[in-house]
Amino acid sequence: MTASHLLVPVPIPDRVAALIGSCIPPHILQAEFDADCAAREVRRFRGPRLGVEDQADREQALSELARANKVLAAHHPRLAVLPGSPF
């Protein structure tokens, strides 16, 4: 039996990634990239004491993440990216 939280991500060759990417519409790939970048940006701004500018940057990143997740979820509901997810 395998627990999903114990799985280790395995890198895939570039040709395999290109083959997978060629099967996915370009706007979905762009939304996935945007969601991943926004999730990383949200993780940067953690902590109870954020300045006003940091709070604004975090809210902007959350907005971008929500926009990208809306596109991803319309394509497939399990593609949505969470701000705290490791992948």
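Me: If exposed means over 50% relative accessible area and buried means under 20%, is Arg 44 buried or exposed in this predicted model?

Reply: The model is predicted, and in it Arg 44 lies on the face of helix 2 that is turned away from the buried side of that helix, together with Pro 26 and Phe 33. Because the relative accessible area of Arg 44 is 58% and the cut-off is 50%, Arg 44 counts as exposed.

Me: With which residue does Arg 44 form a salt bridge?

Reply: The structure holds two salt bridges, one of them joining Asp 36 to Arg 40, with the closest N and O atoms 2.4 Å apart. In the bridge of Arg 44, the closest N and O atoms are 3.0 Å apart, and its partner, three residues away in helix 2, is separated from it by about one helical turn. That partner is partly exposed at 27% relative accessibility, and it is Glu 41.

Me: Against which helix do the buried residues of helix 2 pack?

Reply: The buried residues of helix 2 are Ile 28, Ala 31, Ala 35, Ala 38, Ala 39 and Val 42. They cover an arc of only 105 degrees around the axis, so they lie on the same side of helix 2. The helix against which they pack is helix 3.

Me: Which backbone oxygen lies 2.7 Å from a polar atom of the side chain of Asn 69?

Reply: Asn 69 belongs to helix 3 and, at 14% relative accessibility, counts as buried. Beyond its neighbours within four places in sequence, Asn 69 is in contact with Ala 35, Ala 80 and Val 81. The backbone oxygen at 2.7 Å from its side chain is that of Val 81.

Note on methods. Residues numbered from 1 in each chain as written. Predicted model: local features only at pLDDT ≥ 70, side-chain atom pairs only at ≥ 80, totals over all residues. Heavy atoms only, no water. Helix = DSSP H or I, 4+ residues; strand = E, 2+ residues; numbered from the N terminus. Buried < 20%, exposed > 50% of the residue type's maximum accessible area, 1.4 Å probe, protein only. Polar contact = N/O pair within 3.5 Å; in protein donor to acceptor, adjacent residues only side chain to side chain. Contact = heavy atoms within 4.5 Å. Arc of directions from axis to C-beta. Salt bridge = Lys/Arg side-chain N within 4 Å of Asp/Glu carboxyl O.
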